[in-house]
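Here are my notes on the contacts in this model, as numbered points. They take the protein interface before the DNA.

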2 protein chains.
Amino acid sequence: MIDIRQMRYFVTLAETLHFGRAAERLHLTQPPLSRQISGLEKELGVKLMDRSSRHATLTRAGQSFLEDARAVLAAFDQACNNAKRADRGETGELSIGFMMHAAHTVLPSLARRYLAAYPDVDVKLREVVPNVLIEDVLAARFDAGIMFSPGPVRGLETRPIFHEKLCLAVHCGHPLATRKIASAHDLEDQPLIVTSADSAPTARKAVEEYCRSGGYAPSIRLEAQLQNTIVNLVAENLGVALVPDSMRKLAFSGVSFLSLKNAPAIAHALVWRTGNLNPALRNLLAMTPAVKA
Amino acid sequence: MIDIRQMRYFVTLAETLHFGRAAERLHLTQPPLSRQISGLEKELGVKLMDRSSRHATLTRAGQSFLEDARAVLAAFDQACNNAKRADRGETGELSIGFMMHAAHTVLPSLARRYLAAYPDVDVKLREVVPNVLIEDVLAARFDAGIMFSPGPVRGLETRPIFHEKLCLAVHCGHPLATRKIASAHDLEDQPLIVTSADSAPTARKAVEEYCRSGGYAPSIRLEAQLQNTIVNLVAENLGVALVPDSMRKLAFSGVSFLSLKNAPAIAHALVWRTGNLNPALRNLLAMTPAVKA
DNA sequence: TCCCATTCATACCTTTTCGGTATCATGATC
DNA sequence: GATCATGATACCGAAAAGGTATGAATGGGA
């Protein structure tokens, strides 16, 4: 069977038109080269070289084969290099699902850094509602997800990458609305709007703990899944809420945001499927160290 | 060194994702395949397959390599096929130089037939004045030439492919101009315009022999190189001429053409350089048998 | 839970192929 | 006509490929 070595030999020979010198360039002696070339010709059933005792020249078929062989060798080397690059995560695909908050906080700089370091990776970013993100990652629809730190999930790895403080959202007609800052104490008996325990347990937990640090149990009036929804409900004057600072960036009419004394923080986490071997993911993880609370 | 065999093995394995079945399809047993694949991975420095005792799956790098390897194998096979086709003269180039007469006689059908049979050959047709065609062919500027049959030339092969009758061209005021047909006898003492002996010896010879068949020596007044020129000189009433029938196709004002009794013929010949190994030329020759006088 | 079947890897042997050395055949050059 | 350069051939040892036998790991069924 014809192989790539014979093509390499042939191309070198075609470039020198001299068996001896070609053999030298190929780091072998002349007889094996002669044999490989005539073997190639025999297997092709095509004479590629005209040999005189003085010169070796290419036949027409040889000229044709030379062009093609060069292209094949280039494609061959390219394939090997591409495999190495793919293995290093320099090419390929990386899909990241994220919740809206990430777009306001960690995602932009992370995406910029990653794309700068790995410009040939096809990065797909897609916003997803938080509660389906875990199953999307587990089902390999995404290589990674960015969401509020979930509890431990079987088959899922988690790494906190950013801690965002919470602030207080109140209706603009609320007594606290005129203040700049509030404390845990101020929230006693205030009807709270919180995230449901199953969709963002850490956010929920942070709120509850903050209340407990004020020495009372939170009075929860409403549960919603999205922070966005929560703030809208605050605007409707159905309660107050502790929401991530980044919510301030959005313009909500009828809502005032207050800073909190000893503000609790909520972790944004990078999550990925255990055993996901995508090298591009490996590189993403390498450039996003865990941050401590 | 990685070779094409390992790529073939890998592609087959990637298509079956099963070492045993892939080996079967490759007409070998499983252990050598396992070894070749791990050898390939080792030489690339890249893991291409994830093996469990149940399934074999492609890594990301393996997926990348699979695509590239398929392209390489296709290019490889293409190169081999192209070489065979080039060797059979089905691809490549064929350059043909021809004199004007050929364009009125043999060339069109010949070119059509050839192109129909070998559509992938890049045929280059170029008109040349006859007296330089021989040296052009000898200098390999053309693979073949079509011209009035020259005498034997060292390094040149010749094959008559068409015999064209001569006719008589006279000025429209000439006494013979009213007739439809003339004989050798009628030309006695008529001043003849002929081609020079070096540019078209067979044409010249045909004229001289025709006169001798009438029992007299030709009286040559003028020599020119191109038949076109000759007819123009006839139009200027400087003499009469025996010219190829195909000259009738051209509209010359002031010239009448007469058929000749026992009209002599002149051979159009295909000429090519001795030892020209262009396979496309071989095919041209194969489809243009020599014709007898 | 234990056993078996499946699957890939490894060990060892045989065959094939490859490259090296020595030498031959051919044809151009002096 | 002797010589030199070039490619082909013959033969040998080394490397690599494939085959058989067998081992290790693991998932599924009794």
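1. Buried area here is the accessible area, taken with a 1.4 Å probe, that two parts lose on being put together, summed over both. The model is a predicted one. On that definition, about 2,500 Å² is buried between chain A and chain B, and 69% of this lies on carbon and sulfur atoms.

2. The interface draws 30 residues from chain A and 30 residues from chain B. Polar contacts between chain A and chain B come to four residue pairs, with both residues at pLDDT 80 or more. On the side of chain A that touches chain B, helix H1 (4-16) and helix H4 (60-87) of chain A each supply at least two residues. H4(A) gives the largest share of that side, 16 residues. By class, the side of chain A that touches chain B has 16 nonpolar, five polar and nine charged residues.

3. Two salt bridges are counted between chain A and chain B. A salt bridge joins the side chains of A:Asp143 and B:Arg60, with an N to O distance of 3.1 Å.

4. Turning to the DNA, 21 residues lie around DNA strand D, and those that come nearest are A:Ser34, A:Arg51, B:Tyr9, B:Thr29 and B:Ser53. Of the atoms of DNA strand D that come within 4 Å of the protein, 71% belong to sugar and phosphate.

5. Which side chains have a polar atom placed by a phosphate oxygen of DNA strand D? For A:His18, a polar side-chain atom lies 3.2 Å from a phosphate oxygen of DNA strand D. For B:Tyr9, the corresponding distance from a polar side-chain atom to a phosphate oxygen of the strand is 2.4 Å. B:Tyr9 is also one of the residues that come nearest to DNA strand D.

6. A base of DNA strand D is approached as well: an N or O atom in the side chain of A:Gln30 is 2.9 Å from a base nitrogen of the strand.

7. Both chains contribute helices to the surface near DNA strand D. From chain A, helix H2 (19-25) and helix H3 (30-44) give two or more residues, and from chain B, helix H1 (4-16) and helix H3 (30-44) do so. The largest share, four residues, comes from H3(B). The surface near DNA strand D divides into seven nonpolar, nine polar and five charged residues.

Notes. Residues numbered from 1 in each chain as written. Chains lettered and ligands numbered in written order. Predicted model: local features only at pLDDT ≥ 70, side-chain atom pairs only at ≥ 80, totals over all residues. Heavy atoms only, no water. Contact = heavy atoms within 4.5 Å. Salt bridge = Lys/Arg side-chain N within 4 Å of Asp/Glu carboxyl O. Polar contact = N/O pair within 3.5 Å; in protein donor to acceptor, adjacent residues only side chain to side chain. Nonpolar A, V, L, I, M, F, W, Y, C, P; charged D, E, K, R; others polar. Near = heavy atom within 4 Å.
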